[in-house]
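Subject: Handover of a structure and findings

Dear colleague,

Please find below the structure that I am passing on to you. My findings follow directly after it.

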Amino acid sequence: MALALTLGRRGQGNTWPNPAVGCVIVRDGRIVGRGWTQPGGRPHAETEALAQAGQAARGATAYVTLEPCAHHGHTPPCADALIAAGIARVVVAVEDSDSRVSGKGLEMLRAAGIRVDVGVLRDEAAHDLQGFFLKTDLGRPFLTLKLAVSLDGRIATATGESQWITGPSSRRLVHAMRARHDAVMVGGGTARVDDPSLTVRDMGVSRQPVRVVVSRRLDLPLMGILARTARDVPVWIAHGRDADPMLINTWQDLGAVMLSCDVEGVHLSPASVLQALGAQGLTRVFSEGGGALAASFLAADLVDELITFHAGLTLGAEGHPAIGAMGIERLADAPRFRLVDQQRIGPDMMSVWRR
């Protein structure tokens, strides 16, 4: 199952709106088939593993990270495929919460006389698939917030200079993280100041993540990189329902997908933004700032994973803070995270925190 989970992670960022699943088929103590969900969400992991196993699948055990599907979509149910292949036992990490599948795939397998065991490495699988579950159950994707900061929590000098606070090893790792998410998201301020491309570079990816910009009033550079490349790599813009219709049409003409969202105070509602992204099928979103956007999602308790890269320099109080104002007066009201990983990346320190 640990191998199946590793295989499933290969699909992260490439399979939305479907989950990134891994499957390993074992017969007589030997692996005869392995597979993971392919780009675009199909073929499914079980189909890939069964094709590799061929006749060796008969009487074998299949280890699957998510309950095999039981409904007809673009492809037949994976539960039927496992039954037809003569699989004798299926070991599942976690059940599917999708109402079209939940429990039905397991029932189909058991009705066919296949032994089914559930719960092996459940917690690990639940984390890997949390984005799919959140989209299915709550209509929103899993949100990772990444911050690259100085020791004193600054993301730029007082003049706005920010390239580069962290070292090349950290920046390369961030590109790998982007590749494992369906979308990369920034606020309008970052789009205006940095003119970022938000693409995955030097990783040999076959599919770039969607580039999402959160901008209530669409006051974004029409000659910037995102505008010039919107037809090459998807650009989605979350904007207020009160945004200028002419700007909406202009960005649509450039090739961007426009997502109308609710306004909360003077900013877009973080919950509305995530709901809009979930409605488009996204399961995993990687937010790279800036400070106002980070603060809004933290204050709304919508950050599922927080990844910080601390560099060994200080910029002082006049520098731009990594997280904007959140209006917190009591420690009890501050969002807290638990540390799950920490390691040195070149000259920097990376920490991974989860809600």
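Where in the chain does Pro 17 lie? Pro 17 is placed in the loop between α1 (2–9) and β1 (22–27). Please note at the outset that this is a predicted model.

Cis peptide bonds

The residue just named takes part in a cis peptide bond, which runs from Trp 16 to Pro 17 with omega near 5 degrees. Another cis bond joins Gln 163 and Trp 164, where omega is about 0 degrees. Trp 164 is located in the loop between β7 (154–156) and α7 (168–179).

Overall form

The protein chain contains 12 helices and 18 strands. Its C-alpha trace spans about 65 × 45 × 40 Å along the principal axes. The radius of gyration is 22 Å, which agrees with the value near 20 Å that a compact globule of 355 residues would have. Of these 355 residues, 50% count as buried. Among contacts between residues at least 6 apart in sequence, 72% join residues at least 24 apart. The accessible surface comes to about 16,100 Å², and 51% of that area belongs to carbon and sulfur atoms. As for charge, there are 37 positive and 36 negative side chains, with the centres of the two sets 5 Å apart.

Salt bridges

The structure holds 16 salt bridges, and several of them merit description here.

Arg 216 and Asp 242 meet through their side chains at 2.6 Å, N to O. This pair links distant parts of the chain, 26 residues apart: Arg 216 belongs to the loop between β9 (210–214) and α9 (225–228), and Asp 242 to the loop between β10 (235–240) and α10 (245–254). Arg 216 counts as buried because its relative accessibility is 18%, under the 20% cut-off. Asp 242, with a relative accessible area of 41%, is partly exposed.

A salt bridge of 2.9 Å, N to O, brings together the side chains of Arg 354 and Glu 305. Arg 354 lies in strand β18 (residues 348–354) and Glu 305 in strand β15 (residues 305–310), so this salt bridge ties together parts that are 49 residues apart in sequence. Glu 305 has 9% relative accessibility and therefore counts as buried, whereas Arg 354 is partly exposed at 23%.

Arg 27 and Asp 28 also form a salt bridge, at 3.8 Å from N to O. Is Asp 28 buried or exposed? Asp 28 is exposed, since its relative accessible area is 73%. Arg 27 is partly exposed, with a relative accessibility of 33%.

In addition, a network of salt bridges links Arg 140, Asp 301, Asp 304 and Arg 355.

Helix α12 and positive phi values

Helix α12 covers residues 291–299, and its buried residues are Gly 291, Leu 293, Ala 294, Ala 295, Phe 297 and Leu 298. An α-helix has 3.6 residues a turn, so residues three or four places apart point the same way. Just after α12, Asp 301 takes a positive phi of about 60 degrees; Asp 301 is also a member of the salt-bridge network described above.

Positive phi values occur at other sites as well. Leu 121, a residue other than glycine, has a phi near 55 degrees. It is found in the loop between β5 (115–118) and α5 (122–128), and its relative accessibility of 31% makes Leu 121 partly exposed. Asp 195, likewise not a glycine, has a positive phi of about 45 degrees. Asp 195 sits in the loop between α8 (188–194) and β9 and is partly exposed, with a relative accessible area of 29%.

The surroundings of Leu 315

Which residues does Leu 315 contact, leaving aside its neighbours within four places in sequence? They are Ser 150, Asp 152, Arg 154, Ala 156, Thr 157 and Ile 165. Leu 315 itself is in the loop between β15 and β16 (320–321). By C-alpha positions, Leu 315 and Gln 130 are 36 Å apart in space, and they are separated by 185 residues in sequence.

With kind regards

How values were computed: Residues numbered from 1 in each chain as written. Predicted model: local features only at pLDDT ≥ 70, side-chain atom pairs only at ≥ 80, totals over all residues. Heavy atoms only, no water. Helix = DSSP H or I, 4+ residues; strand = E, 2+ residues; numbered from the N terminus. Rg over C-alpha atoms; globule rule 2.2 N^0.38 Å. Buried < 20%, exposed > 50% of the residue type's maximum accessible area, 1.4 Å probe, protein only. Contact = heavy atoms within 4.5 Å. Areas by Shrake-Rupley, 256 points an atom, 1.4 Å probe, with all protein chains shown as cover. Lys, Arg positive; Asp, Glu negative; His and termini not counted. Charge placed at Lys NZ, Arg CZ, Asp CG, Glu CD. Salt bridge = Lys/Arg side-chain N within 4 Å of Asp/Glu carboxyl O.
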